[in-house]
Amino acid sequence: MASLLITGGAGFIGSHTLLVLLDAGHELVVLDNFANSSPIALDRVLELASLDAAGRLHRVEGDVRSAADLDRAFTAPAAPITGVVHFAGRKAVRESVENPLLYWDVNLGGTRALAEAMGRHGCDLVVFSSTATVYGEPDVFPLTESMPTPPVHPYAQTKLAAEQMLAALVQSQGWRVASLRYFNPVGAHPSGRIGEDPTGIPNNLFPYITQVAAGRLELLRVFGDDYPTRDGSGERDYIHVMDLAEAHAVTLDHLLQQQGPTQITLNLGTGEARSVLEVVQAFEQANGIPIPYEVLPRRAGDVPKLEASPESAAQVLGWRARRTLEEMCRDGWAWQHSNPNGYR
Ligand code: UFG
């Protein structure tokens with residue numbers, strides 16, 4: 001078992017990963033400034049985790065850009081820390097176009113500050129949250145990790161730059177690094193106790209659909225039905241957040257077993273893209289709730305399609321996503337239904 005630092009551990013993917021890592025027996029320090037998350041998520045994780053987990057979860061409220069906050073995390077009771085999972089960051093594409101400096105500061109500056117703290121505390125292992133948006137606007141599918149990465153907005157640019165910075169530390173310092181390129185994480189823990197808690201009107205398809213189902217929003221707006229896709233609506237590779245969480249645990253096990261410099265970059269997706277209209281239909285069928293929608297013009301910045309090749313992850317980690325779109329719809333709805341206002 002390892003002592004691990006989880007930055008951004010109270011967020012959507014972070015909270016689900018905490019649960020999996022606690023149940024695997026690890027000791028964890030969570031560093032989170034709750035800028036886009038709630039401390040209640042951590043209480044809920046402990047509710048779901050095994051009884052002894054509370055003594056293995058240490059909380060540090062702080063900012064990943066702050067050397068002092070990072071030093072507090074690295075010297076928390078779980079020290080010495082042998083590995084880091086770095087979730088903390090900003091993740092909204094449009095916000096990144098409007099406020100690029102925030103993205104360079106938090107996403108790249110935060111990763112640099114973390115890497116410096118790792119150096120100070122003798123830690124050389126990190127799993128980094130990257131994104132499928134590094135592939136820009138691709139037209140060949142499925143996407144493999146060696147395909148070109150021409151990122152088209154500051155969000156993707158800052159994630160790619162952080163990947164490159166960490167890869168340089170593998171070269172120069174012999175670090176063990178995994179960059180995980182998430183496709184579209186959705187759903188929730190099947191208990192409905194933890195889930196995605198967006199502030200304000202959701203930007204993303206899944207939380208928008210669940211809020212229409214809950215009657216909080218009147219109807220879904222489908223952004224474009226004239227893409228060169230199966231039915232004209234945008235296609236994405238949706239992956240259940242519990243599959244994603246388990247992938248982090250497997251990645252950590254893999255890196256912890258490596259003795260020397262290691263750098264892996266893996267897509268995390270199912271390999272099966274679904275259109276907006278297919279997701280709407282799957283949600284209606286899974287939950288028996290109609291989702292009224294209207295078709296609007298394309299949303300600026302959206303690409304027609306993203307679809308992962310899951311083969312590298314299967315080869316390197318022996319891991320594949322196994323949960324279905326139906327489970328994503330059912331579990332996402334269970335969370336929204338029992339927490340109509342999220343953690344508030
Ligand atoms: N869509 C709608 N209506 C909505 C919201 C979305 O039709 O109200 C459509 C989009 O046009 C797109 C698809 O649903 O075709 C998925 O859109 P999302 O906003 O859910 O997801 P994106 O693929 O745009 O981006 C998301 C995150 C990014 C992340 C990316 C890949 O917003 O932060 O997944 O990881 F980088």
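Start by selecting Leu205, Phe206, Ile209, Thr210 and Ala213 in helix H7, then add Val276, Val279, Val280 and Phe283 in helix H9: these are the residues where the two helices meet. Sort them by class and you get 8 nonpolar, 1 polar and no charged residues. Keep in mind as you click around that this is a predicted model.

**Stop 1: H7 and H9**

Now show the helices themselves. H9 covers residues 276–287, and its axis and that of H7 come within 11 Å of each other. What is the rough angle at which H7 and H9 cross? Turn the view until you can judge it: the answer is roughly 40 degrees. H7 and H9 are therefore oblique to each other. The crossing of this pair is right-handed.

**Stop 2: H7 again, with H11**

Stay on H7, residues 205–213, and bring in helix H11, residues 325–338. The axes of H7 and H11 come within 10 Å and cross at roughly 60 degrees. That angle makes H7 oblique to H11 as well. This crossing is right-handed too.

For the contact itself, select Phe206, Thr210, Gln211 and Ala213 on the H7 side. On the H11 side, pick Leu325, Met328, Cys329, Gly332, Trp333 and Gln336. Colour them by class and you should find 6 nonpolar, 4 polar and no charged residues.

**Stop 3: H1 and H2**

Next, jump back towards the start of the chain. Select helix H1 (residues 12–23) and helix H2 (residues 40–48), whose axes come within 10 Å and cross at roughly 35 degrees. Left-handed or right-handed, which is the crossing of H1 and H2? It's right-handed. Show the side chains of Ser15, Leu18, Leu19 and Leu22 in H1, and of Ala41, Leu42, Val45, Leu46 and Leu48 in H2, to see who makes the contact. That set divides into 8 nonpolar, 1 polar and no charged residues.

**Stop 4: a backbone detail at Phe34**

While you're in this part of the chain, click on Phe34. You'll find Phe34 in the loop between strand E2 (27–32) and H2. Check its phi angle: the value is near 55 degrees, which is positive in a residue other than glycine.

**Stop 5: two cis peptide bonds**

Where is Pro80 found? Look in the loop between helix H3 (67–74) and strand E4 (83–86). Zoom in on the link from Ala79 to Pro80, which is a cis peptide bond with omega about 0 degrees.

Then move along to Pro142, in the loop between strand E5 (125–131) and helix H6 (154–173). Here a cis peptide bond joins Phe141 and Pro142, and omega is about -5 degrees.

**Stop 6: the ligand**

Finish by selecting the ligand and what surrounds it. How many residues are around the ligand? There are 21, and Lys91, Asn204, Arg221, Arg236 and Asp302 come nearest.

Try your distance tool on a few atom pairs:

- Arg236: an N or O atom in its side chain is 2.6 Å from an oxygen atom of the ligand.
- Asp302: a side-chain N or O atom of this residue is 2.6 Å from a ligand oxygen atom.
- Tyr182: here, look at the backbone, where a polar atom is 3.2 Å from an oxygen atom of the ligand.

Definitions and conventions
Residues are numbered from 1 along each chain as its sequence is written. This is a predicted model: local features need pLDDT of at least 70, side-chain atom pairs count only at pLDDT 80 or more; totals for chains, interfaces and linings use all residues. Side-chain values use heavy atoms; hydrogens and water are left out. Axes are lines fitted to C-alpha atoms, for helices over the stretch in contact, and angles run from 0 to 180 degrees between N-to-C directions. Helices (H or I, at least four residues) and strands (E, at least two) are DSSP runs, numbered from the N terminus. Angles under 35 degrees count as roughly parallel, over 145 as roughly antiparallel, 65 to 115 as roughly perpendicular and the rest as oblique. A crossing is left-handed if the near helix is turned anticlockwise from the far one by less than a right angle, and right-handed if clockwise. Contact means heavy atoms within 4.5 Å. Ala, Val, Leu, Ile, Met, Phe, Trp, Tyr, Cys and Pro count as nonpolar, Asp, Glu, Lys and Arg as charged, and the others, Gly among them, as polar. A residue is near a molecule or strand if one of its heavy atoms lies within 4 Å of it. A polar contact is a pair of N or O atoms within 3.5 Å; within protein, one must be able to donate a hydrogen and the other to accept it, and residues adjacent in sequence count only if both atoms are side-chain atoms.
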